[in-house]
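Please work through the questions below with the sequence and the model open beside you. Each answer reasons briefly and ends on the item asked for.

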Amino acid sequence: MIKINQKLDNPLSHKTECLILPCPEEKKPSGTLKIIDEALNGAISGAFKNKRFEGKPNQTLLFNSTSSLKADNLLLVGVGKTKDLTIEIICKASASASKLAEGSNFKSVSVYLNDSCFDKIAKGPRYEELAEGVAEGAGLALYHFDDYKSLNEKDGLPSRLQNLTLVPTTRSRQATLTKAIARAQKIVEAVHSARDLVSHPGNTATPTYLANYAKKMARKSKITCKVLGKKEMEKLGMGALLGVSRGSHEAPALIVLEYFGTAKSKAPTIIVGKGVTFDTGGISLKPGASMDEMKMDMSGAAATLGTLQAIANLKLKINVIGIVAAAENMPDGLAIKPGDILKSMSGKTIEVLNTDAEGRLVLADALTYAQRYKPKEVIDLATLTGAVLMALGHQAAAVIGTNPSMIKQLKESGMATDERVWELPLWEEFEKATKSDIADLKNIASPGVGAGSSMGAAFLKAFAGDQPWTHIDIAGTAWGYDKPYIPKGPSGYGVRLLIHYLENRKP
Ligand code: BES
Ligand code: ZN
Ligand code: ZN
């Protein structure tokens, strides 16, 4: 990860390969930007005049510096009108600028947190939030995964930006800045860990790998980790999770992470993640095209692990339990077949009409296990249905749950972090459609019911308990879209959303 630090310095005498200047959309530069412009003989105001640069969000302009500045190059990045400034805009602008800087082979660059964009904002986001946005945007944007490139290949990789220095305007900002950078680094690290877990192929990131990863993570922080293997799950009667894993040679794992940041007597929030480390569909085999992407079917698990890592590193004063239901879904002589009936830990029986609707099976037992903690609330994150991609594309995850206040707060956190969520209904007709003719439940509805994502949630509700519960279907947001601070591939979606939610949770 890129190293981020700060240095109080005069922008005119600040030495760097490239000085990044966030610029608002205005007729000509003002405040300290005006002073820099004058030192550059009007290079910035000239660009504004020629409309080569107007300060529109994410617009960039790179040019060589002059001898009156110690920076070798200058990079203007637009942040739009100051009255409309948001953390998201700053985060994206910082991401765009740092990617351009990396693409220009710079190794160390600085961002000048000038007064026009950071200090004088009367309304809107606070200084520390904006500064954190700069650090987060750059950190998140510069994600690379080359664990599988051999050394020879690595030599040929493009150069990487290694250092980012934030330059405040006054000494009085330094303490705030130190805090903002430290926070951003913890969050970026957690998102990167989640992305790494998803980037690893199915033959690396097996359920056992996830379990070992969780144990290692727990050792480094104030988290305790326990892993239930096949035998323990058999004892608990987790027939649904075990059923999914039966066709695989990889052992399943139920990974439990406990973080107590406040009195143990306070009921915890539980985060449950779907950890299907590869989803072939099982006997209800998926088509071959893009099946490789199903290594991402453990993105809920990755987000759960990443969130716990961030919670522990930020030392949040809350109690949170993470539960990951990890299994591989394979077709095999031992695999479950359509029509098979499984008995879940809750005692409820499930007719498996489609072995590709396996996420809800592994989650059923994890949700039942969660009840042991008498939770305050339960959130599950799962790449559960292709249907959510039809409904919302990559633009939002679906939230479906039993508690309006919880959903409202998740929506607010979604808007604040741009990890958006959109509510889909959980009507009783959907719950009725989960009833099986010969078992308690069936894992898919009869043809014609439709509403695939709501149906997934309706099934889960039977295991979610009476406390507030929300299901978040991340099949569309976990993978496969890009924006300035999210490279193609795994997004790490969920970590920033949940951290914001947990930090701002109102009772
Ligand atoms: N893992 C898939 C859902 C998925 C689809 C994730 C696309 C990411 C991208 C899930 O296990 C699945 O196969 N769901 C089925 C359910 C159906 C059989 C009721 C689906 O969505 O087709
Ligand atoms: Zn599936
Ligand atoms: Zn799946």
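**Metal sites, ligand and selected residues**

Q: Is aspartate 279 buried or exposed?
A: In this predicted model, aspartate 279 has a relative accessibility of 3%. Buried means under 20%. Aspartate 279 therefore counts as buried.

Q: Which residue coordinates both the zinc ion (ligand 2) and the zinc ion (ligand 3)?
A: The protein donors of ligand 2 are Asp279 (OD), Asp356 (O), Asp356 (OD) and Glu358 (OE). Those of ligand 3 are Lys274 (NZ), Asp279 (OD), Asp297 (OD) and Glu358 (OE). The two zinc ions lie 3.2 Å apart, and the residue that bridges them is aspartate 279.

Q: Why is the arrangement around the zinc ion (ligand 2) irregular?
A: The protein donors of ligand 2 lie 2.0 to 2.2 Å from the ion. For six donors to count as octahedral, opposite donors must be over 155 degrees apart and all others between 65 and 115. The arrangement is irregular because the 6 donor atoms subtend angles of 70 to 167°.

Q: How many residues apart in sequence are the parts tied together by aspartate 279 and aspartate 356?
A: The donors of ligand 2 follow the spacing D-x76-D-x1-E along the chain. Aspartate 279 lies in strand E9 (residues 269-279), and aspartate 356 in the loop between strand E12 (349-351) and helix H12 (359-370). The pair therefore ties together parts whose separation in sequence is 77 residues.

Q: Is aspartate 356 buried, exposed or partly exposed?
A: The relative accessibility of aspartate 356 is 21%. Buried means under 20% and exposed over 50%. Aspartate 356 therefore counts as partly exposed.

Q: What is the geometry at the zinc ion (ligand 3)?
A: The protein donors of ligand 3 lie 1.9 to 2.4 Å from the ion. Ideal angles for six octahedral donors are 90 or 180 degrees. With 6 donor atoms and angles of 78 to 174° among them, the site of ligand 3 is octahedral.

Q: How many residues apart are lysine 274 and aspartate 297, which link distant parts of the chain?
A: The donor residues of ligand 3 have the sequence spacing K-x4-D-x17-D-x60-E. Lysine 274 sits in strand E9, while aspartate 297 is in the loop between E9 and helix H11 (299-313). Lysine 274 is buried, with a relative accessible area of 2%, and aspartate 297 is buried, with a relative accessible area of 2%. The separation of the pair along the chain is 23 residues.

Q: Which residues come nearest to ligand 1?
A: The shell around ligand 1 divides into 5 nonpolar, 4 polar and 7 charged residues. Of the 16 residues around ligand 1, the nearest are Lys286, Asp297, Asp356, Glu358 and Gly386.

Q: What percentage of the accessible area of ligand 1 does the protein cover?
A: A nitrogen atom of ligand 1 is 3.4 Å from a backbone N or O atom of threonine 383, and a nitrogen atom of the ligand is 3.3 Å from a polar backbone atom of leucine 384. An oxygen atom of ligand 1 lies 2.7 Å from a polar backbone atom of glycine 386. Of the 510 Å² of accessible area that ligand 1 has on its own, the protein covers 77%.

Q: Which residue's backbone oxygen does the side chain of threonine 417 reach?
A: Threonine 417 is in helix H14 (residues 404-417). At 7% relative accessibility, threonine 417 counts as buried. The side chain of threonine 417 comes to 2.7 Å from the backbone oxygen of serine 413.

Q: Which residues of helix H17 are buried?
A: Helix H17 spans residues 495-504 and is mostly covered, with 7 of its 10 residues buried. They are Val495, Arg496, Leu497, Leu498, Ile499, Tyr501 and Leu502.

Q: What is the phi of lysine 315?
A: Lysine 315 lies in the loop between H11 and strand E10 (319-329), and is exposed, with a relative accessible area of 62%. Most residues other than glycine have a negative phi. Lysine 315 is not a glycine, yet its phi is positive, near 55°.

Conventions:
Residues are numbered from 1 along each chain as its sequence is written. Chains are lettered from A and ligands numbered from 1 in the order in which they are written. This is a predicted model: local features need pLDDT of at least 70, side-chain atom pairs count only at pLDDT 80 or more; totals for chains, interfaces and linings use all residues. Side-chain values use heavy atoms; hydrogens and water are left out. Donors are N, O and S atoms within 2.8 Å of the metal (3.2 Å for Na, K and Ca); water is not among the atoms, so sites may look incomplete. Four donors count as tetrahedral if all angles lie between 85 and 135 degrees; four count as square planar and six as octahedral if opposite donors are over 155 degrees apart and all others between 65 and 115; anything else is irregular. Helices (H or I, at least four residues) and strands (E, at least two) are DSSP runs, numbered from the N terminus. Buried means under 20% relative accessible area, exposed over 50%, partly exposed in between (1.4 Å probe, protein chains only). A residue is near a molecule or strand if one of its heavy atoms lies within 4 Å of it. A polar contact is a pair of N or O atoms within 3.5 Å; within protein, one must be able to donate a hydrogen and the other to accept it, and residues adjacent in sequence count only if both atoms are side-chain atoms. Accessible areas come from the Shrake-Rupley method with a 1.4 Å probe; for residues, only the protein chains shown count as cover. Ala, Val, Leu, Ile, Met, Phe, Trp, Tyr, Cys and Pro count as nonpolar, Asp, Glu, Lys and Arg as charged, and the others, Gly among them, as polar.
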